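Please load the model in your viewer and keep a selection panel at hand. The stops below go from the interior outward, and each one begins with something to select.

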Amino acid sequence: MTNYKLPNPRLEYLNKDNKFMLLEQYVIPEIIVAKDFVTDGVSSPWFARGLFPRYDKTLPAAIVHDWCYGGYMSRKNADLLFKKNLRRLGITAIRAYVMYLSVRLGGRSHYVRRQKEGPQPNAIDNVFSSPALDGFEKP
């Protein structure tokens, strides 16, 4: 794992929707998330929210993961990038792996729904950086 740390996103809380919106592009080596992108944070079933709160220090990884599920890469690569970003945030290897397994096991319906919805209207074309998906850790 590299020493790269995810930057803090600039966000606005949308009280009515209980979501966050990016106030500027969120740039990481693998991808750029568009300004005004709206995220619901970490999605988990109600009984697991004590272990995986919707909004905590994992939010930057969840923002990128939500964006990627909108059609910007395959589900498998989006999930691998989620795990990589959790580690970049200082999440322990065990917790990152459990969260990764959770999205692998429970994320399919979210991915399919997001694929049908398509990108958010404010999405930028060609937001990928160079092919930085090389070297992903395999579970």
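Which residues have the most contacts inside the largest nonpolar core? In this predicted model, that core has 30 residues, and those with the most contacts inside it are Ile31, Val33 and Val64. Two or more residues of this core come from each of the elements β2, α1, α2 (75-88) and α3 (93-106), and α1 gives the most to it, with eight residues.

**Val33 and its surroundings**

Select Val33 next and display what surrounds it. Leaving aside residues up to four places away in sequence, Val33 touches Leu22, Gln25 and Tyr26, and also Ile63, Val64 and Trp67. Ile63, Val64 and Trp67 are among the buried residues of α1, which makes that helix the natural next selection.

**Helix α1**

Select residues 59-69, the extent of α1. How many residues of this helix are buried? The count is 11 of the 11, so the helix is largely enclosed by the rest of the structure. The buried set includes Leu59 and Pro60 as well as the polar-named stops His65 and Asp66, and it also includes Cys68 and Tyr69. Moving on past the helix, select Gly71, which follows α1 and has a positive phi, near 110°.**Asp66**

Return to α1 and select Asp66, which is found in that helix. Is Asp66 buried or exposed? Asp66 has 13% relative accessibility, and because buried means under 20%, Asp66 counts as buried. With residues up to four places away in sequence again not counted, Asp66 touches Phe37, Thr39, Asp40, Gly41 and Arg114, so showing these five side by side with Asp66 displays the contacts listed for this residue.

**Two loop residues with positive phi**

Now select Asp36, which lies in the loop between β4 (32-33) and β5 (38-39). Asp36 has a positive phi of about 75° although it is not a glycine, and with a relative accessible area of 30% Asp36 is partly exposed.

For the last stop, select Asn18, whose place is in the loop between β1 (11-14) and β2 (19-22). What is the sign of phi at Asn18? The phi of Asn18 is positive, at about 55°, although Asn18 is not a glycine. At 37% relative accessibility, Asn18 counts as partly exposed. The loop that holds Asn18 leads to β2, one of the elements that give two or more residues to the largest nonpolar core, and from there the view can be turned back to Ile31, Val33 and Val64.

How values were computed. Residues are numbered from 1 along each chain as its sequence is written. This is a predicted model: local features need pLDDT of at least 70, side-chain atom pairs count only at pLDDT 80 or more; totals for chains, interfaces and linings use all residues. Side-chain values use heavy atoms; hydrogens and water are left out. Buried means under 20% relative accessible area, exposed over 50%, partly exposed in between (1.4 Å probe, protein chains only). Helices (H or I, at least four residues) and strands (E, at least two) are DSSP runs, numbered from the N terminus. Contact means heavy atoms within 4.5 Å. A nonpolar core is a set of buried Ala, Val, Leu, Ile, Met, Phe, Trp, Tyr and Cys residues joined through side-chain atoms within 4.5 Å.
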